Each structure stands twice: as C-alpha cells, then as structure tokens.
Amino acid sequence: MTDGPGSGHRSLVRFSAGTAMLALAATLAPGAARAQAQGVDAPMATKGSTPAPAAAPVAAPVDEGLGERGFYLETDLLIRDGTSKTVTARGGVEARYQGRTLRADEVVYDSTNGVVTARGHVQIINSDGTAQFAEEMVLDEDLRAGIAKGFSTRLGGNAKIAAATAVRRSENVTELNKVIYTPCPICAEDGSPKEPSWSIHADKVIQDRTRQIVYYKNAVIEMFGIPVLYAPIFWHADPQAERQSGLLVPKLSAARRRGLSYEQPYLQVISPSQDLIISPQINTNVNPFLNLDWRKRFYSGYAEARFGYTYETDLTSNGDHLGDRTSRSYILADGKFDINAKWKWGFTAERTSDDLIFDKYDIGNVFEQHGLIGADDHRLISQVYTTRQDQRSYLSISAISIQGLRPSDNDRTFPTIAPLIEARWEPSAPILGGRLRLWGSAVVLTREQSPLVSTDPGVDSRRATVEANWRSTVTFSSGLRVSPFADIRADSYNISDLTPALGSSASVGRAQGVVGVDVSYPLIRRDGERTIVIEPLAQLAISPKSHLDPRIPNEDSTTFEFDETNLFRTDKFPGFDLYEGGQRLNAGVRTSVFYDDGRGGSLLVGRSYRSKPDPMFPASSGLQERQSDWVVAAEVTPIKSLTVFSRARVDSNSSSVRRIEAGANIDLKRVTGYVRYLRDNQDPTGVKREDIDFAGQVLLTKHWGVTLYGVRDVQADVWRRRDIGVFYADDCLRVDVYYQHSETFNRTLGPSDQLSIRLTLATLGDTGYSDPRRGY
C-alpha cells in the first residue's frame, strides 16, 4: 500500500491484530515510566535531548471502538517498500492500540528484523493520560529491548527525568545515561526555562520497578545550578512508589554539649502495614545515640514504639563528662485497638533511665497526648485502659503510673492509680421534662512515700462516688431562657497510712447536693452588616455549707484557675476531693458583635457572690471571700487572619489586676505566628510569674523568610529560650538554618547554644516542615 506525496489527504487505516504494523503498537506496551503531563512543566532537556512541545496538554486517548486486538493508524503519508520490506508512516503519525497512543513525525517498521523506529517528537500516551517523550525511539517487536534518544518522562510527585539515551533492559528495568532528575519546576511563569532549585546529575541511572528504587552512578546534587554533594553511588525510592525504604531528611547541628551532631534517619518498610525508622545520631563529643521508631497498623488499631539507647557518662551543657559510662535509654510506646463497635482498649508505656535524656540529645515530640490520660510537661505516663461508649453511656477503666522528670520530682511520692473507673449514663426519655444524667467514679491511689516527710509512708486512699444531675431548659417567646438544675452526690473514702494526729486509717462518707437555676436573656439587634448581641447571665445555686475534712487528701483539686471557663460552673473545683458549698450567685454580661465578613468581637465581665466566705478555696484563688474577684475576658477579630484576646482577674477590693493573660494569633499570607503575655501575682505553686512567649514565621520575599521563637521570664529578667532562623522555601525545597539559645538550669544542664541546619528535598525522604516550637 503506497500513498504518494501528492495524495492531498491523510491516510486512515484499520489493521487486524495480525498485520505487520501490530509491532508498531507494541511500542505502546505497559511498563514504561509514567507521569502526568496535563497542566504542568514541559519535559526538560538534557545534553543531546530535545524536549517535546508543551503548547497543549496531553490528552488521554479516546476509545475508538477498536476492541482489545484492533489497531488504528493515522498519518499524512504511508509508504510500503517491498524491496526493503519496510512500512513507513510519515507526517503527524498517530497509532492507537489497546487504549494507548503513539505520536511521532515518522514511524518505520522493518519486517526483516522486527525493529520499530519512531522519530521526531515521539510521545507515548497511556490510557490514563500519562506520557513519555523522546526524540527517537527504537524497539524490537517483542519489546524485550529498546533504545530511546533524547528521552524524558514525568514521574509521580511532579518529578522529571531527562536523559541523552534510555535503554530498556526489560519490562521492569530501564537504564538511563547522562541523566538529570528534579521534582522542581523548570519553567518560569512566563514559560521561559529556569534553573531548578535542586537536581541530581548522574552518568547512569537505573530505574528498577520491581524493587521500586532509582539507582544513581556518579551522582552530583546541585542547588540552583551549584554542585553541593557528590556520591559515587546514590539511590532513593521511586517517586511512583507509595511507600518504599530509604533515607529520610537528616539533621545537622553544632553545640558545646555534643559537639558536631549528624542524625540520619532511615525508613525500613517491613510490610504494607509495618515500618521501622532507624535514626543514629553521630556526635563528635559524645558517643553515638541510636533512635528507633517502630509502627504497625492492625485491622483493629495501631501500635507505635520509640526507643533510644547510648552508653555514655552524664553531660553538662559545656560538654563536660561526669561520672562513669553507663547505659542510658528510653521507651515511648502507645497503641489503641477496637474490640468491637463500642469497646476499645489501649496503652502507653513511657519510661527513661535518665531524667535529662530528652534534653541532652534533643529528642522531640515526647510529651504529647497519647492514651486516655493526657500528658504533662516533663512527666511520663504509662497506662492501660479500656472504654465503652454509645449514644447514652460511657465507661472507662484504667491503671496509671507516672515518672517525673522535673528537678523537684520524686517518683516515690507519685501515686500509682489503679484502677480509675469513670461512668456516665442517661435515659433516652426526658425525666420531669428535663435531661437526667447519672455519674459514677472510683479510684485507688497507692503512694510509697509522703511528699511532705520523706521518712513517712505515703497516704493510700480509695474513693467511690455516685452522682445524679438533672437539668431542663425553657425558652420564652421574649427570648428569656431559664434552666433549672439539681445535683446530688455521695462520696465514700477509705484512707490508710495517715499521720498519727489523724489516726492510722479512716473511713469517711459524705453527701452534698445543689439546686439552682441558670437565667440568660440575649438581646439581639441587626444593624446593617453586623449583628449585636447583649446577653445578661445569672446563676443561682443553693447547697449545704462545705466542710473540709482533714482526713480526706486533696489529690485532684490542688490547682485550678478562676476564669470565664468556670464562672458559671455549679462546682468550680475540677475534681472530687474538694467541693463548693453555700449559697452563691454567679452573674455577668456578655456582649458580642459579629460582622458578615467574619470580623467580630466579644466581651464577658462577671463575678461570684456568696452568702458566707468559703474556706475550701485558697486565698489566692479570688473566690474565698463573699465577693469574688472580677473576671474579664475579651476577644477581637479585626480582620479574618488576626485574633487578639485577653483574660484577666481583677481584685474585688483594690481593683488591681491579680492575673492577666493576653495574646494574638496571626495567619496572613506572609506572616504567621502568635504572641502570649502572662502575669500572675501568685500562681498555684505560690510563686509570682510574669513571662512572654512568641513564635512566628515571616516571609520577606517570595521564597526567603525568617523564623522566631522566644520565651522571656520577665520576673527573673532572663530569656529562657531564644531561637532565630533563616529559611528558603519553594515548591520542592526548604533549607532552614537556625540558632537556639536556652537559659534553663536543670541539674547538670545549664545555658546552652546550638546551631542547626535542616535540608528538605521534595520526593527525597520527609517533605513536611516542622514546627519551630518543637525544635524544627
């Protein structure tokens, strides 16, 4: 079949699967590297290669009704040469087979050796729209071997590879020569070429799809066109792989304590549901420290365990060694599992052999919320628990052990809590026109040593509590809302190892109740684009006078702060051991303004009145006298991305501010961060406190910015922590250089300085950027 140059029309040919041109369709067989081509950068060029045009996005082939074996060819000119036994398609060639499309300027099939040659702007487009590009491609009819010149392709994560030549060894192994790899944009906004933020140049690259790894020989990593690292052998996970073993982002730092420190995490994928991060920390002044992080997902839940170990002496901030070398380690483990739709169980296991191990070796993300009981700063919590929950009830049973890491902590004075039981149930039908809720709580505390006298045994206590709470709400047509309530509670205590003055042991029972009513009358007015709400609030509560029994240890109400969050609570104590009694009136007014565009503000002012002073409250709380301190809380959103807040407690007699907390949160395009100020004349530990802390990120240009973090103790006139950093960030690269200074004194550790560098490259390891408040 021959169409001459002067035919004046395009050839449209349908072949059966047995024709010679079927070998041409074999060039579209699956297994080649695949990547999206729509709406992204054009394929880049390496030396000796020519990028394919990027004027129009590559579209997925359209089903032409060819079936599974049908073959379609469209071209300007089709020449069949009987002498040379070749078939040549020339000019705008497009061949379709099994949902894949080949486009080229010219395609030649040689039937004598079964070789298919495609030349000029070659594109292979797969059924999902992904594509590869080459200037010339030569393949045998079985696709067991092939060569492409001027090859380029796009992988997952917008990664691009360009090579002078590509040799396909098999369906799963491709060898590339004179290669450039980058996930960065290579075209400026105006379409002109640009130097990628980072790239890898290599003499040879092998892409192994079976192992999902890309290997490099004589690799050079360049940043902005400048070589920064050479590696004779280098490899990383195939960007198309969902999860693959490989190196993660390293961390480099320098400080007097450990000297020059390099930490290199490695991710080992054990199975689709299990992996292990091995992260050795190499230091010049101290022995290496090994961190492990194991994670596994089960059909019913998950488990994670972090471990760390070293063999070293004690350290000071100056890098001095104290004492003998010994094993130092930690474990941080947690898990949570579903037993069925209602029942769950979980655990945390947190322990360390060295109270300062996390500070000495800069181990982050330690004191986080895991399990049923929340974490506390520099306290490790081990627990096992189970819960049951449905729409009407809740039950939890747990056992808890605590290790304290603060300088004043003594683990022998911490109680072992086992068990701790909490339950709640409410019937589905209203009771007396309102909601009835039943509560239950029980706890056993065992303490080895008294926190007051080291030679005395600790007080052991057992408590059981039952409580019934009823509340109803009536809203009148005028907007007045009235909510009567009633609460009754009974506690039973059994205490042992008391001081001699109180007797060696005691059993104490008590009951208390409260009845009252909440009243609110929101006044709402619509004024143009804003809504104004003025809401008077009042709560009247009547209960028997509280009684402080010295035999009952105060375990769960040692610290609390009187503010707007508990102003209208019937019992302002957070736990069970202390309770609020007597007749009292909690009153206040809340004013709010809301704009349609998201701006707004609110102000709450209130206080508590009682018939008689309540000795249950400490004098510093502002609640002991008949008239409490004033509580003021305000929040303003002048623009959508900025929130300013303040809360204060004002002395009822002198009108002096006894406690104030103020701050702002900002989240603009170029500026994000927060600032906090706190002044407390007497905190729960009896110490005056005044400090400022802040953190933020400011983008000075499109890519350059600074990060700041600081904690200043105004009372002591010292910076507890100061961090400042400079960063560069774009779509595929982030470099952080930051300086940290700490003025914290903790046993052998004192003031310290540290300089750290963090480099994050897209598609190579972790692509997340850390929070500066967590040490980046």
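These notebook entries record what I looked up in the structure, which is a predicted model.

**Entry 1: nonpolar cores**

I began with the largest nonpolar core, which has 44 residues. Leu-176, Trp-198, Ile-200, Tyr-216 and Phe-234 have the most contacts inside this core. I then looked up which strand gives the most to the core, and found strand E12, residues 213-223, with five residues. I noted that another core lies apart from this one; it has twelve residues, among them Val-286, Leu-332, Val-366 and Leu-380.

**Entry 2: Tyr-216 and Asn-218**

Next I listed the contacts of Tyr-216, leaving out residues up to four places away in sequence. Tyr-216 touches Tyr-181, Ile-200, Ala-202, Lys-204 and Val-205, and also Pro-232, Ile-233, Phe-234, Trp-235 and His-236.

I turned to Asn-218, which is placed in strand E12. Is Asn-218 buried or partly exposed? Its relative accessible area is 25%, so I recorded Asn-218 as partly exposed. With neighbours within four places in sequence set aside, Asn-218 is in contact with His-201, Ala-202, Asp-203, Tyr-230, Ala-231 and Pro-232. For Pro-232 I also noted the backbone: its C-alpha atom is 4.2 Å from that of Asn-218, although the two residues are 14 apart along the chain.

**Entry 3: aromatic pairs**

I found 16 aromatic pairs in the structure. One of them is formed by Phe-224 and Tyr-728; the pair is edge-to-face, with 5.1 Å centre to centre and 85° between the planes. Where do the two residues lie? Phe-224 is in the loop between E12 and strand E13 (226-237), while Tyr-728 is in strand E41 (residues 718-729), so the pair ties together parts that are 504 residues apart in sequence. I compared their accessibility: Phe-224, at 39%, counts as partly exposed, whereas Tyr-728, at 9%, counts as buried.

A further edge-to-face pair joins Phe-560 and Phe-573, at 5.4 Å centre to centre and 65° between the planes. I placed both residues in the loop between strand E32 (530-543) and strand E33 (582-595), 13 residues apart. Phe-560 and Phe-573 are buried.

I also recorded a cluster in which ring pairs link Phe-289, Tyr-330, Phe-358, Tyr-361 and Phe-367.

**Entry 4: charges over rings**

I looked up two arginines that lie over aromatic rings. The charged end of Arg-599 sits over the ring of Tyr-595, at 4.4 Å from the ring centre. Arg-734 lies over the face of Phe-727, and here the distance to the ring centre is 4.2 Å.

**Entry 5: backbone**

Most residues other than glycine have a negative phi, and most peptide bonds are trans. I therefore searched for departures from this pattern.

Which two residues are joined by a cis peptide bond? I found Ala-418 and Pro-419, with omega at about -5°. Pro-419 is in strand E25, residues 416-425.

His-121 is not a glycine, yet it has a positive phi of about 50°. I located His-121 in strand E6 (residues 115-125); its relative accessible area of 34% makes it partly exposed.

His-378 also has a positive phi, near 55°, and is a residue other than glycine. This histidine lies in the loop between helix H2 (357-360) and strand E23 (379-389). Why did I enter His-378 as buried? Its relative accessible area is 18%, and buried means under 20%.

**Entry 6: empty space**

Rolling a probe the size of a water molecule over the atoms shows where empty space is left.

How many cavities of 30 Å³ or more does the structure hold? I counted five. The second largest cavity has a volume of about 60 Å³. Its lining consists of Lys-251, Ser-253, Arg-258, Ser-261, Glu-263, Gln-281, Asp-362 and Gln-754. The elements that give two or more residues to this lining are strand E15 (251-255) and strand E16 (259-263).

I then looked up the second largest pocket, which has a volume of about 1,400 Å³. It is lined by 39 residues, and Ile-402, Pro-415, Glu-555, Asp-556 and Thr-558 lie nearest its centre. The elements that each give two or more residues to the lining of this pocket are E23, strand E24 (393-404), E25, strand E26 (435-446) and strand E27 (460-471). Two of these strands appear in Entry 5: E25 holds Pro-419, and E23 borders the loop in which I found His-378.

Methods
Residues numbered from 1 in each chain as written. Predicted model: local features only at pLDDT ≥ 70, side-chain atom pairs only at ≥ 80, totals over all residues. Heavy atoms only, no water. Core = buried A, V, L, I, M, F, W, Y, C linked by side-chain atoms within 4.5 Å. Buried < 20%, exposed > 50% of the residue type's maximum accessible area, 1.4 Å probe, protein only. Helix = DSSP H or I, 4+ residues; strand = E, 2+ residues; numbered from the N terminus. Contact = heavy atoms within 4.5 Å. Phe/Tyr/Trp six-rings, centres within 6.5 Å; stacked < 30°, edge-to-face > 60°. Lys NZ or Arg CZ within 6 Å of the ring centre and 35° of its normal. 1 Å grid on protein atoms, 1.4 Å probe; cavity = no way out; pocket = protein on both sides within 12 Å on 5 of 7 lines; lining within 4 Å. Points joined across faces, edges and corners; volume = space filled by probe spheres on them.
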